[in-house]
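User: Please work through the model shown below with me, taking the metal site, the pockets and the backbone in turn.

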Amino acid sequence: MSKILIQGPAVITMEGPGRIYEDGEIAVSGDSIVSAGPRGSAPEGFVARKVIDGSGMVALPGLVNCHTHAAMTLLRSYADDMPLMKWLNEKIWPVENRLRPEDVYWGTMLCCLEMIKSGTTAFADMYFEMDRVARAVEQSGMRASLARGMVGVGPDARKAIDESLSFVREWHGAAGGRIKVMFGPHAPYTCPPEYLQQVTELAADYNVGIHIHVAETKDEVEQIHANYHKSPVKHLQATGLFKVPVLAAHCVHVDEEDIEILAAEKVKVAHCPESNMKLASGISPVTGLLKAGVLVGLGTDGAASNNNLDLLEEMRTAALLQKVATGDPMVLPAYETLQMATWKGAQALGLSGVGQLKAGMKADVILVNYQRPHLCPRHDLVADLVYAAQSADVETVIINGEVVMEDRTVLTMDEEEVMAGARHCALRLVEKE
Ligand code: NI
């Protein structure tokens, strides 16, 4: 069993704004944290097999990316500056139709590599060829909640259900508990109500959640209104979808009644500000959602619409965008933003015991090197992290008690091999146009 002692970092526990230890210490045994507190707080007799010098570093829970499509790293900077439906119809979907299982594997490996190097330890994915996604996650050492994307019309509708069922049977709880499975009906405009009902029943049978895109664009709201005379949120409520735990990506175009429903039904929201900005979808009323008591996490969305998977950057964007949207510099302060990227994100993914540094929690810990000009002089560690830190400042990453990156070297993957594999797949995909 691995026993790790991290000595001397400042520890941001995320147990509350005041719970920061300037000269801290974290003891890890197996997959869990034994203690996190001031230096010398490790239990008596704790003998570490590995001691990590954390001086000059800040330790915090690993970041959680609540919405992405991992293999879309292959389409990073392939089609930009286009409206969503034109972008999907003319560029993204035609290439995705040509994707082979190995493309999904290498694209997901690249995604995991990028996320580990920027401090993300867990993510929610919605895609296809999910066996390959799961294998990449297993190999990378990351934690993930994976959903087979399901479109409820056409020949793929039944296939998506069959594949989701075999996927949940084979992978839910796999990789030492690091992999969880959700059902992934794509969106209310691509899945008819009967299909959503069928998927909800299956999710309830298997005791898993649902990951779905909701109210991403104005067009979607208009289309759902035209077909069902309701907002997307009310329409989904009427189908009974919210009787299982739901992770709703985007929720950009939601009104006050929708927000009340989301709060009452305990729907979790994945806020993806950079993707929403890039596709000009709009600004999610995050301040209103939080005020109503909705649990909101942060997501990057796929690398084709972001174009990176950097959650430090996403935090900064989220905080700044809410200030601009509301005209109030006091909304979404740094600590609240960091909550969205840590324990709230973990809860949105349905992960228990993840997202805070305290005894008994899973050991998902990152060390950020603060000995940098842009992080000096350390007036406020959390504000530094949200407003000034860069992904390259992340030095060491521990997931489920395993060191997956040390001194910026990823130990679970061969970085050159992953980039070469992904590049090879991406070039072949685009060549065929
Ligand atoms: Ni998405």
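**Pocket, metal site and backbone**

Analyst: This is a predicted model. In it, the element that gives the most to the lining of the largest pocket is H1, with 6 residues.

User: What is the volume of the largest pocket, and which residues lie nearest its centre?

Analyst: The lining of this pocket comprises 37 residues. Elements that give two or more residues to it include helix H1 (84-96), strand E9 (120-127) and helix H4 (156-171). Nearest the centre lie Trp 93, Glu 96, Tyr 127, Phe 128 and Val 151, and the volume of the pocket is about 890 Å³.

User: How many residues of each class does the lining of the largest pocket have?

Analyst: The lining has 37 residues. By class, they divide into 10 charged, 10 polar and 17 nonpolar residues.

User: What arrangement do the 4 donor atoms around the nickel ion have?

Analyst: The nickel ion is coordinated by NE2 of His 67, His 69 and His 213 and by OD of Asp 301, at 2.1 to 2.5 Å. A tetrahedral label would need all angles to lie between 85 and 135 degrees. The angles subtended here run from 85 to 174°, which makes the arrangement irregular.

User: How many residues apart in sequence are the parts that His 69 and His 213 tie together?

Analyst: The donor residues follow the spacing H-x1-H-x143-H-x87-D. His 69 lies in the loop between strand E8 (63-68) and H1, whereas His 213 belongs to strand E12 (residues 210-214), so the pair ties together parts separated in sequence by 144 residues.

User: Are His 69 and His 213 buried or exposed?

Analyst: The cut-off for a buried residue is under 20% relative accessible area. The relative accessible area of His 69 is 9%, and the value for His 213 is 5%. Each of these residues is therefore classed as buried.

User: Why is Cys 251 without a bond to Cys 272, and how many disulfides are there?

Analyst: A disulfide requires cysteine sulfur atoms within 2.5 Å. The closest cysteine sulfur to that of Cys 251 is in Cys 272, 9.7 Å away, which is too far for a bond. Cys 66 is likewise in no disulfide, as its nearest cysteine sulfur, that of Cys 272, is 8.3 Å away. The count of disulfides is 0.

User: How many residues of helix H12 are buried?

Analyst: Helix H12 covers residues 334-341 and is largely enclosed by the rest of the structure. Among its buried residues are Tyr 335, Leu 338 and Met 340. The number buried is 7 of the 8 residues.

User: Which peptide bonds are cis?

Analyst: One cis bond has omega of about 10° and leads to Asn 307, in the loop between strand E15 (296-298) and helix H11 (311-326). Another has omega near 15° and leads to Pro 377, in the loop between strand E16 (365-369) and helix H14 (381-387). The bonds are Asn 306 to Asn 307 and Cys 376 to Pro 377.

User: What is phi of Asn 207 and of His 250, and is each buried or exposed?

Analyst: Asn 207 sits in the loop between helix H5 (193-206) and E12, and is exposed at 69% relative accessible area. His 250 belongs to strand E13 (residues 246-250), and is buried at 0%. Phi is positive in each, near 55° for Asn 207 and near 85° for His 250.

Terms used. Residues are numbered from 1 along each chain as its sequence is written. This is a predicted model: local features need pLDDT of at least 70, side-chain atom pairs count only at pLDDT 80 or more; totals for chains, interfaces and linings use all residues. Side-chain values use heavy atoms; hydrogens and water are left out. On a 1 Å grid over the protein atoms alone, a cavity is a set of points where a 1.4 Å probe fits but cannot get out, and a pocket is an open set with protein on both sides within 12 Å along at least five of seven lines; lining residues have an atom within 4 Å of a point. Grid points are joined across faces, edges and corners, and a volume is the space filled by probe spheres set on the points. Helices (H or I, at least four residues) and strands (E, at least two) are DSSP runs, numbered from the N terminus. Ala, Val, Leu, Ile, Met, Phe, Trp, Tyr, Cys and Pro count as nonpolar, Asp, Glu, Lys and Arg as charged, and the others, Gly among them, as polar. Donors are N, O and S atoms within 2.8 Å of the metal (3.2 Å for Na, K and Ca); water is not among the atoms, so sites may look incomplete. Four donors count as tetrahedral if all angles lie between 85 and 135 degrees; four count as square planar and six as octahedral if opposite donors are over 155 degrees apart and all others between 65 and 115; anything else is irregular. Buried means under 20% relative accessible area, exposed over 50%, partly exposed in between (1.4 Å probe, protein chains only).
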